[in-house]
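Reader: I am in my first year and still learning to read structures. Could you take a single part of this one and go through it slowly with me, explaining each term as it comes up?

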Amino acid sequence: MPARRKAPKRRESVRPVRKLTPTTNARKVYMITGGVTKFAKAHPAMDFRLMVKRAYDYALKGVPNLTPDRIDGSRISYFSDHFTRQLKAASMVQDYLGLNPKGSVRIEWGGATGGECFQAGYEAVASGRMDLCVAAGFETMSRVATWKGNEFIALASDTNFDFPLGGFYTGYYALMVVRHIYEYVRQTKFASVPDEREAQRLAIAEASRIMSKVSVKNHLNALHNPYAQYPKRLTIEDVLRSEMISYPLTREQICTMSDGAACAVFATEERAKEFTDRPVRIIGVGTGTDTMRLADRPFGKVPLLPHERPRDYEDLPYPGIHSFRAGRAAGMEAYKMAGITRPNTELDFIELHDAYASSEIQTYEDLGLCKYGEGYDFTERGDPFLKGIDYGFPVPKAGAIPVNPSGGLIACGHPVGATGLMQAVFAFWQLQETIAKHFQDPALQLARPERGAIHSHAGTGSSVTVSILERGFR
Amino acid sequence: MTARPAVFTKFRDVQAELERSGSAIFRDADGVESLIIRNPYAITYIHSYAEDSPFFLGLAEGRLRGSKCRKPKCGFVYATPRGHCMVCGAPTEWVDLPTKGRVHSWTTCHFGSEAFLKETPYNLAMVEFDGVGSLLLVRLKECVESDLYVGMPVEARFDPQPKYSITDVWFVPSH
């Protein structure tokens, strides 16, 4: 045992209050590297620490001059202590990465945990608190059976009023899309059908066919992404015929449980230049919130984006349960900070939180890629599809604004605490134009993208983050 | 010496083995072996309904109660009660809700979380009431998927043997 050192003598004097001179200000922040593990149903050979270590090591490999002593601290995210059954798991990650005694904080924000961790890493640098910050996240959902996992996730709904009715998030999203279809498809395309029940059934069938195209898109894009959990070629019929989970949502329209980790590294302009010649700047961040209970959502007015007019939504009670006001709020904040007024032309792509094919379409509208009510037509036109990929149906406007070029949550998987960071890493590689290198396949690389958004979403839309990334080099 | 746990190359087989013997070895495609054990966990919470208590006590008496903002200028009425008004922050008071309403949205769950799997398929509905500003999420019984539609008139039923849960009330089609 080492000899005990003598405690220093304490000086009991009252020091005068020293006037502090603030030295911090919002600074330019760059993402300089990132890494992800392959998302899988289960990674039994890795616990959460090793998964994060793999993603972290991959990230550090991308910046060979960066030695760990230059890292100022970290932000570490995971959603559920139930899945890990290990409290303070973020401390164990910090420990395993060898980052002690640097500063670290655990981030949790429901399904948007990864997106929030991304913004926490950004903020650590923007505020001047750190010059170089690691943001890392994980989830190990294979540690319980799938339906127990659904129960854990449903505990993120009001446990007095919502959970005891069935405790099932797919059920909540089904309630939302049935109303979305009622507002926007029943009332328009099927307005002339006299029998109410029949009109609604026809509208749901039509909307389900279009939602299935989102599922086909994301699974097919993922065929070129080696990190994705469920890449596959599907037809609209395959999606519609897959098992009914909660009417009208079928299995192939829903993301799955996953094990996985992801890591993003943020730096000041000066540090970024030191470590990479292809940095990506974070030019906008936004978060939005809404009531925990779907039942409490108001019926008010749409907060308008710069390109929208009050007459666009004269009779629309908003958000009700058909739209995500939190997503709209997060988008508005991020767009304002970045100076974006026409998102569908000023963004080149979006990695969007498609936990459900339905919520991808709802989110097109929240983020202003099209107006509220136009999400299904927008999908039919093909705007969010990639050019040069055969989806098995016509996509005339493919490439207009690709959404989930990586395959999204539906095909990549959704290890909650990692998901938002995974989106960041894929967006980062897109903007760096290094997709071919990291995926060993150039198919998903967009031609010289300037700007992209990542969108992370929690609960029934109770918290959402949107971040805007921009190419930071010429 | 006891035998080594059985080795499996498919993860789903591991789970069955855990139920059987409590331990298993998973061998992945790279030949890496991981020892996996069954690790049960059960908790009983001492859960207080706190300010929501009158709602659940009301259900046991066959009463459906919402809350109304006490501030006269606001007066917002909530179907799912809140102790304080979301709009103006003032305290609310208890009010009886109509027992008849309409389906604002609905779904039929063919799966559910583990605790509810045995009850599938079940219907969930968001119910709207005249003169009430927010909705109530409930189970919808005595009807099947093909009967349901937005706007369908429904009415409340109460469990004569209350469990002090939101499931003490459910709705049925009203004729």
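Author: Let us begin with a pairing: strand 7 (residues 100-109) of chain B and strand 8 of chain B run antiparallel and are joined by 7 bridges. A word on the basis of all this: the model is predicted, so that local features need pLDDT of at least 70 and side-chain atom pairs count only at pLDDT 80 or more, while totals for chains, interfaces and linings use all residues. Residues are numbered from 1 along each chain as its sequence is written, and chains are lettered from A and ligands numbered from 1 in the order in which they are written.

Strands here are DSSP runs (E, at least two residues), as helices are (H or I, at least four residues), and both are numbered from the N terminus; two strands pair if DSSP finds at least two bridges between them. Within the pairing of strand 7 and strand 8, B:Val103 stands opposite B:Val127. Strand 8 of chain B is also joined by 5 bridges to strand 9 (residues 136-140) of chain B, again in an antiparallel arrangement, and there B:Ala125 stands opposite B:Val138.

How many of the residues of strand 8 of chain B are buried? The strand covers residues 122-128, and 7 of its 7 residues are buried, where buried means that 20 or more other C-beta atoms lie within 10 Å of a residue's own, exposed means 12 or fewer, and partly exposed lies in between, with C-beta atoms placed from the backbone. B:Tyr122, B:Leu124, B:Met126 and B:Glu128 point one way from the strand, whereas B:Asn123, B:Ala125 and B:Val127 point the other way, and all are buried.

The strand also has a place in the contact between the chains, which takes 43 residues from chain B and 37 residues from chain A; two residues are in contact if their C-beta atoms, placed from the backbone, lie within 7 Å. On the side of chain B that touches chain A, the elements giving two or more residues are helix 1 (11-21), strand 3 (33-37), strand 7, strand 8 and strand 9 of chain B. Of these, strand 7 of chain B gives the most, with 6 residues. The residues on this side of chain B divide into 24 nonpolar, 14 polar and 5 charged, where Ala, Val, Leu, Ile, Met, Phe, Trp, Tyr, Cys and Pro count as nonpolar, Asp, Glu, Lys and Arg as charged, and the others, Gly among them, as polar.
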